[in-house]
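Take a look at the protein below. We will walk through it strand by strand, and then step inside.

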Amino acid sequence: MDAYESARIYKEKTKAWHDKHISKREFKEGDKVLLFNSRLKLFPGKLKSRWSGPFTVKKVFPYGAIEISNNNGEPFKVNGQRLKAYFDGFVPEEAKVVHLDEFDVPYSH
């Protein structure tokens with residue numbers, strides 16, 4: 001009986017830790033999102049991104065189901081945990097180019 005009790009306590013603690021680390025994601029209609037694709041066979045390249053999109057949120061259902069559509073407007077339902085927000089219009093900071101011939105450093109052996 002002690003083993004069963006210990007296993008039950010361990011499972012409760014593990015579930016509490018897991019639930020605490022799940023990020024709450026709230027989406028509304030019209031949001032742009034990226035979809036995580038967990039099917040490894042579709043991605044032959046090891047370094048290829050597993051996020052596809054962007055998609056548009058069409059409808060939010062209770063209990064985490066979300067209907068999204070692609071560029072063609074074809075809607076389909078996915079679990080909200082497979083989505084993350086897409087920030088459109090992100091412009092990276094311009095990189096500064098430094099030419100090495102600008103430095104007047106004598107070469108020594």
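S2 and S3 run antiparallel, and four bridges join them. This is a predicted model. S2 covers residues 51-60, and S3 covers residues 65-69. The two form a hairpin with four residues between the strands. In that hairpin, Tyr63 takes a positive phi near 65 degrees. One pair across these strands is Thr56 and Ser69, which stand opposite each other.

Stay with Ser69 for a moment. Is Ser69 buried or exposed? Its relative accessible area is 2%, so Ser69 is buried. The cut-off for buried is under 20%. Leaving aside neighbours within four places in sequence, Ser69 is in contact with Phe55, Thr56, Lys58, Glu74 and Pro75.

Now cross to the other partner of S2. S1 and S2 pair in the antiparallel sense, over four bridges. Lys32 stands opposite Thr56 in S2. Leu35 stands opposite Ser52 in S2. S1 spans residues 32-36.

S1 has a second partner too. Three bridges join S1 to S5, residues 83-85, and these strands run antiparallel. Val33 has Ala85 as its bridge partner in S5. Leu34 stands opposite Lys84 in S5.

Put these pairings together. What is the order of the strands in the sheet? The order is S4-S3-S2-S1-S5, in an open sheet of five strands with antiparallel pairing. S4 (75-79) and S5 stand at the edges, each with a single partner strand, so one side of each has no neighbour in the sheet. On average, neighbouring strands of this sheet are turned by 50 degrees against each other, direction ignored. A general point helps here. Strands of a sheet pair through backbone hydrogen bonds, either parallel or antiparallel.

Step back to the whole chain. The protein has one helix and five strands. From the N terminus on, the elements run α-β-β-β-β-β. The helix, H1, spans residues 2-20. Compare that with the sheet order: along the chain S1 follows the helix with a loop between them, while in the sheet S1 sits between S2 and S5. Contacts across the sequence can be counted as well. Take the contacts with a separation of 6 or more: residues 24 or more positions apart account for 44% of them.

Next, look inside. The protein has 109 residues, and 16% of them count as buried. Which residues make up the largest nonpolar core? There are nine: Phe27, Val33, Leu35, Phe55, Val57, Ile66, Ile68, Val78 and Leu83. S1, S2 and S3 each supply at least two residues of this core. Another general point fits here. In a regular strand the side chains alternate between the two faces of the sheet.

One member of the core, Phe27, lies outside the strands. Its place is in the loop between H1 and S1. Phe27 counts as buried because its relative accessibility is 14%. Which residues does Phe27 touch, leaving aside neighbours within four places in sequence? Phe27 is in contact with Val33, Val57, Val60, Ile66, Gly80, Leu83, Lys84 and Ala85. Ala85 is 58 residues from Phe27 along the chain, yet their C-alpha atoms are separated by 8.1 Å.

Another core member, Phe55, is also worth a look. With a relative accessible area of 10%, Phe55 is buried. Beyond neighbours within four places in sequence, Phe55 is in contact with Asp31, Lys32, Val33, Leu35, Ile68, Ser69, Asn70 and Phe76.

That last name leads to the aromatic rings. The count comes to two aromatic pairs. In one of them, Phe55 and Phe76, the ring centres are 5.8 Å apart and the planes stand at 90 degrees, so the pair is edge-to-face. The cut-off for edge-to-face is over 60 degrees. Phe55 lies in S2 and Phe76 in S4, so the pair ties together parts that are 21 residues apart in sequence. Phe76 counts as partly exposed, at 30% relative accessibility.

Finish at the surface. The protein exposes about 10,200 Å². Carbon and sulfur atoms supply 56% of that area.

Notes: Residues numbered from 1 in each chain as written. Predicted model: local features only at pLDDT ≥ 70, side-chain atom pairs only at ≥ 80, totals over all residues. Heavy atoms only, no water. Buried < 20%, exposed > 50% of the residue type's maximum accessible area, 1.4 Å probe, protein only. Contact = heavy atoms within 4.5 Å. Areas by Shrake-Rupley, 256 points an atom, 1.4 Å probe, with all protein chains shown as cover. Pairing = 2+ DSSP bridges. Axes fitted to C-alpha atoms, helices over the stretch in contact; angles between N-to-C directions. Core = buried A, V, L, I, M, F, W, Y, C linked by side-chain atoms within 4.5 Å. Phe/Tyr/Trp six-rings, centres within 6.5 Å; stacked < 30°, edge-to-face > 60°.
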